[in-house]
2 protein chains.
Amino acid sequence: MALVVQKFGGTSVGSLDRMRNVAGRALATQALGHQVVIIVSAMSGETNRLLKLAHELAPVPSAREMDALAATGEQVSAALVALAIEAQGGQARSLLGHQVRILTDDAFTKARIKAIDDRRIRETLARGSIAVIAGFQGVDEEGNITTLGRGGSDTTAVAIAAALQADVCEIYTDVDGVYTTDPNVCPSARKIDRISYEEMLELASLGAKVLQLRSVEIAMKYEVPVHVRTSFSDAPGTLVTKEDRSLEEVTVTGVACDKNEAKVQILEVPDRPGVVARLFGALAARHVPVDMIIQNTSYTGALGATDVTFTLSKTDLARVEAELEGLAREVGGQGYRVDSEIAKVSIVGLGMRSHAGVAARMFELLAQENINIQAISTSEIKVSCLIAARYAELAVRVLHDGFGLGAT
Amino acid sequence: MALVVQKFGGTSVGSLDRMRNVAGRALATQALGHQVVIIVSAMSGETNRLLKLAHELAPVPSAREMDALAATGEQVSAALVALAIEAQGGQARSLLGHQVRILTDDAFTKARIKAIDDRRIRETLARGSIAVIAGFQGVDEEGNITTLGRGGSDTTAVAIAAALQADVCEIYTDVDGVYTTDPNVCPSARKIDRISYEEMLELASLGAKVLQLRSVEIAMKYEVPVHVRTSFSDAPGTLVTKEDRSLEEVTVTGVACDKNEAKVQILEVPDRPGVVARLFGALAARHVPVDMIIQNTSYTGALGATDVTFTLSKTDLARVEAELEGLAREVGGQGYRVDSEIAKVSIVGLGMRSHAGVAARMFELLAQENINIQAISTSEIKVSCLIAARYAELAVRVLHDGFGLGAT
């Protein structure tokens, strides 16, 4: 007997018929002798509908009330899926964030899980019932409802699986697994059968939207095997797991592309110690995470000055753009320049650690297509290049096939 | 400085614009120097929409899941109204049943309030915020979400007002107060300015749908002044309060009419001690509340036998009708007869206790219109007559004007 956690996203519970499918799948798993916990998202479109109402009422709605509002979406799904299971002759119990007690901090709209009480879930399972848990939500020390941010139901699922020491956490979604790159961009993209947490983490943070970043971090920390698969068939998907020998044999596992960032250049900043620290300190104070940073001393510009370039999400840019001019002046710069027409393409693979020359091969492949590289950043298992947005799809295809990912 | 509890029904929060009105009203009350607690229902239509989904999934949905589902309606309203208050520059906090801690029993879909913790509400008020409480919902000892049944938000409001020892509980609705009778039936119906709890209780239980019965019981028990008024204007409505001298001067306060009952006659029951007790004991065992009971010895029928007549709600009749024949035989009767085409008209007034002849005047007024009285029941402050349903409106008008209720 295994303990199986199954998470169903908004599309998988998007209609009453689909909820019946979810119920059928959970019951089929239970019929194999397993204990089953399911985590559900809000019906697709529901969260947006609710947030739209809030924004119509208040241009800057309070985060606490946004969470109380948005959490109803998952509550509705959980109750309805529990009813669907009962209608098929099974036993089920919906459990909300405050009922399980998924304790979070009080950072509304982007709370982090601090602890999960497994008592009520275990009681429910011991009775032979399926526990149907509302994803995305938790409760802070004071009992306020919190939410975990977009894609938060993945995090709920993996965290619950970790708390219960589940045998597997199945993430049901509308794609059938993790791909070597976006199949819409690159027709030769292939489904990956096994991938390490580390690689998945890089792919998730680089814009492959299959799994929420934080859920992968938790899965890695607690070594929860995560199986990403489709709710529309029984085909196996992608197993995200600890690295093993077989994984290391491949140099590059996947190619990711992120068009959600913008590039900012602060012009002619005095080339003195402490200036850059002040600049990024000011951004950090405004809670703006910066991704790539490039400081290139400018020989053609003013003497003793340098341009500081960095990338940040377009959402954050919209929030702070009005302050950039002031910020530039504050650090002695001569203004700023923004480029939103950029893309970050990345190659990811555990094998990079032991294979030399992977980065060089990447630059070569891009150069062959005359794609100019504006910035580079690397980690142990990843190389990212900033390029003009119009070359993004071309770059993905070139890298994907250049590293032999399309071959079977 | 007073503490004011304001309850807004589904129509009053039926759109974002109406929520803005609710916010404006609460803020205006606060601006007068008062502390304000508001209780909100689900947006009109929302509860039915949710329950319909549940019934599509499961013909007999589990009551626990129905409550988890339905409670989201009030949660959405509470969060949105809190946002509307903030958008107008005020401070507000939504509080759900489990957050206030409105403790109920575990009778899902019709739970009763056992205790209310006033700590979080008082903290919210102490901060200068308006507390926006989701009506209709509570939580049982185990943390399961419960609901209080249709109209339950009235009960939430009065119970919260009692717990806080509020100065007044204002019930905002789509009518502008309690009327001497239904204005749709009787054009001369007048709004009542003041009415006693006892009278309101009789009117509420007799089918005047302005206030939920249980909320009036709680208001009476804890002496909470209840002000029933419209959310569409500032006009004062009806104050439901302890009886005082001025209330007693009026003989009859209102005329009510209830068409939701049916009449059952059990025929030729042996006229022996204990028989009637067995009959109504059997109905009580089936949880069927019986309203009027008339035992009239029949001189024209079988010797030593009597017909037993009683009324019950049409809903309950549908539930037990199949058993009536067996029940009649069980007590030695000769079968049964049902009449659903009946109406109960009632006059209610504190003054009846000190004024003789009120009942006689009622019978006289009905007789003048040739309306036959099928049964009569009385209490200290009420006389009810059972008549054929087709005379109901006529009877209401005759009684209303005959007792001078239309005069100003």
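By what turn, and with what RMSD, can chain B be laid on chain A? In this predicted model, a turn of 176° and a shift of 0.1 Å along the axis lay chain B on chain A with an RMSD of 0.8 Å. That is the relation of a two-fold axis. The same surface serves both copies, since 100% of the contact residues of chain B recur in chain A. Among the residues of chain B, B:Thr72 comes closest to the rotation axis, its C-alpha lying at 2.3 Å.

## The interface between the chains

The interface brings 27 residues of chain B into contact with 27 residues of chain A. On the side of chain B that touches chain A, at least two residues each are supplied by helix H1 (16-31), helix H2 (46-57), helix H3 (63-87) and helix H4 (97-100) of chain B. H3(B) gives the most to this side, with 13 residues. By class, the side of chain B that touches chain A has 17 nonpolar, seven polar and three charged residues.

Helix H3 of chain A (residues 63-87) packs against H3(B) at an angle of about 165°, with the two axes 9 Å apart. Angles over 145 degrees count as roughly antiparallel, and H3(A) and H3(B) are therefore roughly antiparallel to each other. Their crossing is left-handed. On H3(A), the contact is made by A:Glu65, A:Ala68, A:Leu69, A:Thr72, A:Gln75, A:Val76, A:Ala79, A:Leu80, A:Ala82 and A:Leu83. On H3(B), the contact is made by B:Glu65, B:Ala68, B:Leu69, B:Thr72, B:Gln75, B:Val76, B:Ala79, B:Leu80, B:Ala82 and B:Leu83. The contact of H3(A) with H3(B) comprises 14 nonpolar, four polar and two charged residues. B:Thr72 thus appears in this helix contact and is also the residue of chain B that comes closest to the rotation axis.

## The eight-stranded sheet of chain A

Chain A holds an open sheet of eight strands in the order S3-S6-S2-S1-S9-S11-S12-S10, with mixed pairing. At its edges are strand S3 (92-95) and strand S10 (194-196) of chain A, each of which pairs on one side only. Neighbouring strands of this sheet are turned by 20° against each other on average, direction ignored. Within the sheet, strand S2 (residues 35-40) and strand S6 (residues 130-134) of chain A run parallel and are joined by four bridges. The bridge partner of A:Val37 in S6(A) is A:Ala131.

## The four-stranded sheet and its helices

A further open sheet of chain A has four strands in the order S13-S18-S20-S19, with antiparallel pairing. Strand S13 (254-258) and strand S19 (375-379) of chain A stand at the edges with a single partner strand each, so one side of each is left without a neighbour in the sheet. The twist from one strand to the next averages 20°. S19(A) and strand S20 (residues 382-388) of chain A run antiparallel and are joined by five bridges. The bridge partner of A:Ser377 in S20(A) is A:Ser384.

Two helices pack on this sheet. Helix H12 (residues 358-368) of chain A touches strand S18 (342-348), S19 and S20 of chain A, and its direction makes about 20° with that of S20(A). Helix H13 (residues 392-402) of chain A lies across S13, S18 and S20 of chain A, running at about 15° to S18(A).

H12(A) and H13(A) also pack against each other, at an angle of about 130° and with their axes 10 Å apart. That makes H12(A) oblique to H13(A). H12(A) passes H13(A) in a right-handed crossing. The contact is made by A:Met362, A:Leu365 and A:Leu366 of H12(A) and by A:Ala395, A:Val398, A:Leu399 and A:Gly402 of H13(A). Its residues divide into six nonpolar, one polar and no charged.

## Helices H6 and H8 of chain A

The axes of helix H6 (residues 152-164) and helix H8 (residues 213-222) of chain A come within 8 Å and cross at roughly 15°. H6(A) and H8(A) are therefore roughly parallel to each other. H6(A) passes H8(A) in a left-handed crossing. Contributors from H6(A) include A:Ala157, A:Val158 and A:Ala162, and those from H8(A) include A:Ile218, A:Ala219 and A:Tyr222.

The residue classes of the helix contacts are listed below.

| Helix contact | Nonpolar | Polar | Charged |
|---|---|---|---|
| H3(A) with H3(B) | 14 residues | four residues | two residues |
| H6(A) with H8(A) | seven residues | two residues | two residues |
| H12(A) with H13(A) | six residues | one residue | no residues |

How values were computed
Residues numbered from 1 in each chain as written. Chains lettered and ligands numbered in written order. Predicted model: local features only at pLDDT ≥ 70, side-chain atom pairs only at ≥ 80, totals over all residues. Axes fitted to C-alpha atoms, helices over the stretch in contact; angles between N-to-C directions. Parallel < 35°, antiparallel > 145°, perpendicular 65-115°, else oblique. Left-handed = near helix turned anticlockwise from the far one by under 90°. Contact = placed C-beta atoms within 7 Å. Nonpolar A, V, L, I, M, F, W, Y, C, P; charged D, E, K, R; others polar. Pairing = 2+ DSSP bridges. Least-squares fit on C-alpha atoms with pLDDT ≥ 70 in both.
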